[in-house]
Every structure is written in structure tokens, then in C-alpha cells.
Amino acid sequence: MMYSKEFAKVLYEALEERVTMDHLEPFIEKPKHLERGDLAFPCFSLAKTERKSPQLIAQEVSQKINSPLFEKVEAAGGYLNVFLNKQEVTAQVLEEILQKKQNFGASNSGKRRTVAIDMSSPNIAKPFSMGHLRSTVIGQSLALLLAQCGYKPVKINHLGDWGTQFGKLITAYKHWGNEEKVKANPIKELLALYVKFHEEAEKNVRLEAEGREWFKRLEDGDEEAAKLWKWFRAESLKDFSRIYKLLNIDFDSYAGEAFYNDKMDHVVDLLESRGLLTESEQAQVVSLEEEDLPPCLIKKSDGATLYATRDLAAALYRKETYNFEKALYVVGGEQSLHFKQLKAVLKKLGFDWADDLVHVSFGMMRKDGKKMSTRKGQVVLLEEVLQESIALAKENIELKNPNLPNKEEVARQVGVGAIVFNDLKNYRMNDIDFSLEDILRFEGETGPYVQYTHARACSILRKAAWDGEKEMPIQLSGEQEWEVIGLLMAFPETIKKAAAAFDPSRVAKHIIDLAQAFNKYYAEVKVLQEDEQKESRLAFVSAVTQVLRKGLSLLGIEAPDEM
RNA sequence: GCGCCUUUAGCUCAGCAGGAUAGAGCAGCAGCCUCCUAAGCUGCAGGUCAGAGGUUCAAAUCCUCUAAGGCGCGCCA
């Protein structure tokens with residue numbers, strides 16, 4: 001759909017095949033300013049081989065080009081600028097989108113190969129905080145993008161349902177817990193206990209040891225510990241499922257850390273048999289000196305397992321179960337060392353597929369410039385933010401469109417869309433300082449802005465009773481539509497790049513640009529005006545709705561037809 | 001101390017497999033609803049691209065160093 005290949009071919013001929021395609025196509029670029037044309041080729045690189053000034057080359061080549069696809073070729077400075085035939089290209093682009101509909105931009109380059117995605121992974125007995133939102137929405141969008149490229153994503157919610165923290169929690173419950181209170185308000189009460197534990201632990205050092213002891217008992221199958229753990233876990237999952245429902249996200253697997261309990265001996269044995277395990281300060285470690293990394297802790301001095309042990313077991317299990325081509329870990333950047341170690345240990349075990357593990361790292365969500373800490377009770381609850389956003393969306397609806405039929409559902413779509421979009425619109429590596437004000441903004445570069453643009457476009461189609469099924473030739477000069485057309489045709493390429501770079505923000509930026517361009521058009525052109533081009537304009541509007549909806553859906557955001 | 005990440009307009013960020021006058025949004029100011037949803041559109045104002053060297057015909061973009069901030073560096077995950 002991009003025309004750079006055609007341009008390169010034409011250049012190739014104009015240069016009488018003295019320069020290979022490989023030296024032409026990659027250099028073709030899109031001028032920053034529309035007045036400079038649609039595609040440009042800088043001739044500087046040819047100056048040496050052609051032994052002419054770039055200006056002269058551009059001049060000469062421009063005169064040799066004669067293609068029906070280009071309506072104008074211009075030499076400007078050392079650049080060769082071409083202007084596409086707007087009418088022709090507009091018709092081609094629109095016809096393709098209307099024919100492919102929601103499959104526009106899809107490819108099968110993934111050949112149905114599996115990509116495991118470790119994502120979301122909230123901690124049991126802790127509230128689902130804003131911090132966990134990032135992994136959840138980035139993972140979800142990557143799954144959608146990869147599916148779009150023909151891969152088979154497997155979304156794994158690697159629940160944080162095991163570890164010393166449960167020893168601490170059990171300790172806290174034993175000391176200060178109250179069954180009735182926890183039953184009445186599970187997560188809130190468990191969080192309070194967890195916070196209290198850390199407060200008390202500062203005064204009483206013995207608590208930490210007690211926490212470790214309880215965890216050890218849990219690992220050894222102590223009945224009381226297990227019972228409490230099961231209870232905490234069940235309550236937490238109930239809480240999480242409410243949030244996943246709001247976000248409209250589901251998982252292929254909820255195999256969390258505890259799932260690997262019976263699979264860790266195997267890992268330890270394996271390490272042992274290869275002679276990789278050494279004792280250090282009473283703990284079992286794998287030395288990674290050759291790799292220039294700190295040693296990887298496998299077993300604590302009391303014999304209990306660690307995060308790394310579980311992740312090793314998980315990697316082996318996933319490879320065996322899913323035979324993935326790639327395994328993504330959508331986990332915060334602060335764990336990058338852990339993943340380096342994980343891969344290094346797998347490599348030492350002789351598993352070459354360790355190279356297929358990818359840490360899809362992202363920046364930290366901070367509050368007032370500081371890391372959010374569950375231990376200190378400084379968390380912003382995702383559910384509260386979601387509900388607030390939904391309520392605000394509802395207010396807007398009452399104000400702007402009080403007769404809207406399904407207000408509640410639309411308010412949910414818009415409110416949630418605002419939050420998800422806000423998280424995905426920036427490059428994932430950036431740290432984000434939590435700002436309720438920014439998140440609850442529905443104007444400018446936001447999810448609701450894109451949704452609104454889509455809804456307005458839908459509204460036009462509704463008024464015209466447009467049915468996309470009938471075939472008809474597109475008759476548009478393309479002059480006013482041109483900026484939008486450019487963005488429509490570049491969309492498939494954006495999907496590919498976003499998937500390849502594991503970067504949903506590219507899609508978000510693309511649909512913002514598209515929405516902006518279309519809103520400009522909307523302000524200038526009366527689509528429903530009765531003339532010969534009306535049907536073609538409707539086709540154009542329909543294509544825009546298709547791509548906007550597709551773009552939003554790839555971010556995991558819904559697109560109401562009316563709002 | 002070592003490693004990774006970040007630094008572009010008052011604020012939040014695009015742009016970075018080098019290319020033509022550095023772009024949005026928010027905030028500010030000035031306009032636009034007898035007309036397809038004003039969650040919109042138009043205009044104005046706002047920048048030594050952290051700093052210094054280097055590579056190149058060409059550097060916000062690549063390399064080196066410096067500075068500032070963040071994160072990590074053995075029994076947390």
C-alpha cells in the first residue's frame with residue numbers, strides 16, 4: 001500500500017540501472033511538509049558515484065520520470081520530490097479498506113507461531129494498583145498486535161501468589177488479624193495488615209524472621225498456613241476479576257508463581273547435575289562471573305526458593321507447554337537484572353532458546369516523584385481511578401448528549417478508554433508521574449478524543465443511512481482528503497512496526513494523527529452535501545471509522561458509535 | 001563505586017536504521033455552534049533539542065566525555 005517501492009522502481013529505471021534497488025528504496029522518505037510532496041529521495045548519496053552535484057542529479061532524474069502514479073515530480077535542492085496522483089491513490093486506498101474492513105492491516109507473517117506473554121501479574125493480597133496497569137495494558141495490546149500479524153499469543157497472568165510476602169502476611173494476620181473484618185473487606189483489610197507488618201517490623205526485628213518462618217512452613221505444606229494462603233488468594237482473585245472485566249481483558253492462563261511449586265525440584269536437580277550450583281553464604285547460587293553478572297540466588301540459606309527459581313521453572317514449563325517462538329515478559333524496568341540473570345542461567349543449562357526470552361521493559365509509575373510503595377500504603381488503586389473516570393464520562397454524557405441510549409455502557413467504554421490510552425500513548429520506557437488530572441482529561445491527545453472523532457464519523461454514516469456493501473467507483477479529487485488518506489495508507493506499516501518493536505504507542509500516535517486530520521476535514525467539508533461526490537465522501541468517512549476503530553481495538557479500547 | 005534507562009517549548013511528550021524551515025497536546029491569549037455531536041476547529045505566542053568535543057556534504061538523531069534525574073547491584077518480587 002505504500003508507494004515507495006514504485007517510486008524506487010521508477011528511480012531505478014531513470015538512473016539506467018546504475019544503482020541497485022537496495023540503495024534506493026531504503027532512502028526514500030516522507031517529506032515533513034505536505035507542500036514538498038508525498039515521497040522524497042535525497043540525491044546526496046549518489047553524488048559520488050554519479051560524479052555530479054546532488055542538485056543536478058535531481059534535475060536530470062526528475063525530467064526522466066514519467067509515471068501515471070505521480071502527478072508531479074520536482075527537483076528541490078538535492079531532493080527529488082514526487083507528488084502522488086491523489087485521485088488515483090485515494091480511490092485505491094479507500095477501495096482496499098472498504099473491501100478488507102477490519103482486516104485492513106492484518107498480515108500472516110507470524111505464521112501462527114506462538115508468543116507467550118507474561119503480563120499483568122498482580123500480587124495476591126495486595127490491591128490492584130496503578131502500577132500494575134502498565135503491564136496489563138501493554139501486554140494486552142501486544143497480544144492484539146501480534147495476533148494481527150499472524151502470531152498466536154498466549155496471555156499468561158503470572159500471579160504473584162507465592163513468596164516471603166505471604167509469610168509476612170500470615171504473621172501479621174496471626175498477630176493482629178480478625179476473621180470477620182477480613183471477610184467484610186478482604187483486600188482493604190489485608191493491605192492494612194501488610195502495612196502494619198512493615199511498620200511494626202521497623203520496631204521489632206523478630207517479625208521479619210517470623211515472616212520468613214511462616215513462608216517456609218507454607219512451602220513445607222503446613223496446613224494452617226496453606227489454609228490462610230488459599231483464602232487470601234481466592235479473595236484477591238475475586239477482586240481482580242472485577243477489574244479485568246472493566247478493562248475487558250482475559251487471560252489464557254492464570255498460572256502464577258505457586259503453580260510452579262512442584263516444578264522447582266526439577267530445576268534445582270538440573271542445575272545440580274550440571275554442576276552449576278554452588279554454595280555461598282549458606283545459600284545455593286549459580287555463579288555468573290563469566291557473564292559479568294552478579295550470582296543468581298536459587299535457594300535461600302533456609303532452603304526456601306526464590307523468585308528466580310520460580311521463573312526458571314516457569315520458563316522451562318512454558319517452553320515445553322507452548323513451544324513458543326518468543327516469550328515476552330512485560331515487566332517493569334527495575335527487574336532488568338533479574339531477566340539478564342534468568343537468561344544467563346538458561347544459557348548455562350544449554351538452552352539456546354534463552355535468546356527468545358524478551359524483557360519488554362517499561363518505566364515506573366511514580367507518585368509525587370517517588371516510587372509507589374505498597375508497604376508504606378502509598379498506592380493509588382486502579383479501580384478507584386477507573387470508577388472516577390467512568391463517572392466523569394457519565395457526567396459529560398449527561399451534559400453533551402443526554403438522550404444517548406446506553407449511557408452506562410458508553411460511560412464505561414469512554415472512561416476506561418481514557419485511562420488505557422493515557423498509559424499507552426507514550427513510549428513504554430518513560431517513567432510516568434501519576435497525575436489524576438492528566439488521566440482524567442478527555443480533550444486533546446486522549447482516548448476520548450479519538451473515540452469522539454470515531455463517533456462523529458459514525459454519526460454521519462448513520463444520518464446518510466450508508467450501507468458499506470454497495471460497490472461504486474470512488475470519485476474524489478483527493479485534494480481535501482489527502483492528509484487523511486496518507487495516514488490511512490500508512491496504517492498497516494504502523495501495525496507492523498509497533499508489533500516488531502513491542503511498542504503500542506506507535507499505534508496510539510498514529511490514530512491521534514488520523515483523528516486530528518479527520519477533525520480538520522470535518523470542520524472544512526460538509527460530507528452530507530448533496531452532490532455527485534457525496535457517496536464517495538461517505539466511503540471516505542467509512543474508511544476513517546474502520547481504521548480508527550481498528551486502531552483503538554489494537555490498544556484494547558472500545559469505540560462506541562455514539563457518545 | 002559499577003550497570004541499565006532518561007534529559008527536546010512553562011508542563012506532558014512526538015520526532016532518533018542522519019537528511020530540507022524541530023512538531024503535537026495541555027496551560028495562556030484571540031476567535032468559530034441559524035451548518036453532519038464544540039469531548040471539536042482556526043489563529044497568536046512559546047525552543048542555545050542538558051553541556052562539550054568528534055564523525056559526515058548533512059547531527060535533536062551516530063560515537064566519546066561531562067552534568068542532572070530515575071532504577072538496579074545476594075537470601076523481596
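These are questions and answers about a predicted model of a protein with RNA strand B.

Reader: What makes Glu-281 a polar contact of RNA strand B?

Author: The cut-off is 3.5 Å between N or O atoms. A backbone N or O atom of Glu-281 lies 2.5 Å from a base nitrogen of the strand. That pair therefore counts.

Reader: How do you know that Lys-300 makes a polar contact with a phosphate oxygen of RNA strand B?

Author: An N or O atom in the Lys-300 side chain is 2.8 Å from that phosphate oxygen. The limit is 3.5 Å, so the pair qualifies. Lys-300 is also among the five residues that come nearest to the strand, with Tyr-79, Glu-257, Tyr-452 and Val-525.

Reader: Which part of RNA strand B faces Asp-431?

Author: A sugar or linking oxygen lies 3.2 Å from a polar side-chain atom of Asp-431. Of the strand's atoms within 4 Å of the protein, 62% belong to sugar or phosphate. The rest belong to bases.

Reader: Which helix gives the most to the surface near RNA strand B?

Author: α17, with eight residues. Other elements supply at least two each, including β3, β7 and α19. By type, the surface residues divide into 29 nonpolar, 14 polar and 20 charged.

Reader: How do you know that the span of α19 agrees with its number of residues?

Author: At 1.5 Å a residue, its 20 residues should span 28 Å. The end C-alpha atoms are 29 Å apart, so the two agree.

Reader: Why are Ile-511 and Phe-518 of α19 called buried?

Author: Buried means under 20% relative accessible area. Both are listed among the buried residues of α19, so both fall under that cut-off. The buried residues of α19 pack against α5, α15, α17, α18 and α20.

Conventions. Residues numbered from 1 in each chain as written. Chains lettered and ligands numbered in written order. Predicted model: local features only at pLDDT ≥ 70, side-chain atom pairs only at ≥ 80, totals over all residues. Heavy atoms only, no water. Near = heavy atom within 4 Å. Polar contact = N/O pair within 3.5 Å; in protein donor to acceptor, adjacent residues only side chain to side chain. Helix = DSSP H or I, 4+ residues; strand = E, 2+ residues; numbered from the N terminus. Nonpolar A, V, L, I, M, F, W, Y, C, P; charged D, E, K, R; others polar. Expected span 1.5 Å × (residues − 1). Buried < 20%, exposed > 50% of the residue type's maximum accessible area, 1.4 Å probe, protein only. Contact = heavy atoms within 4.5 Å.
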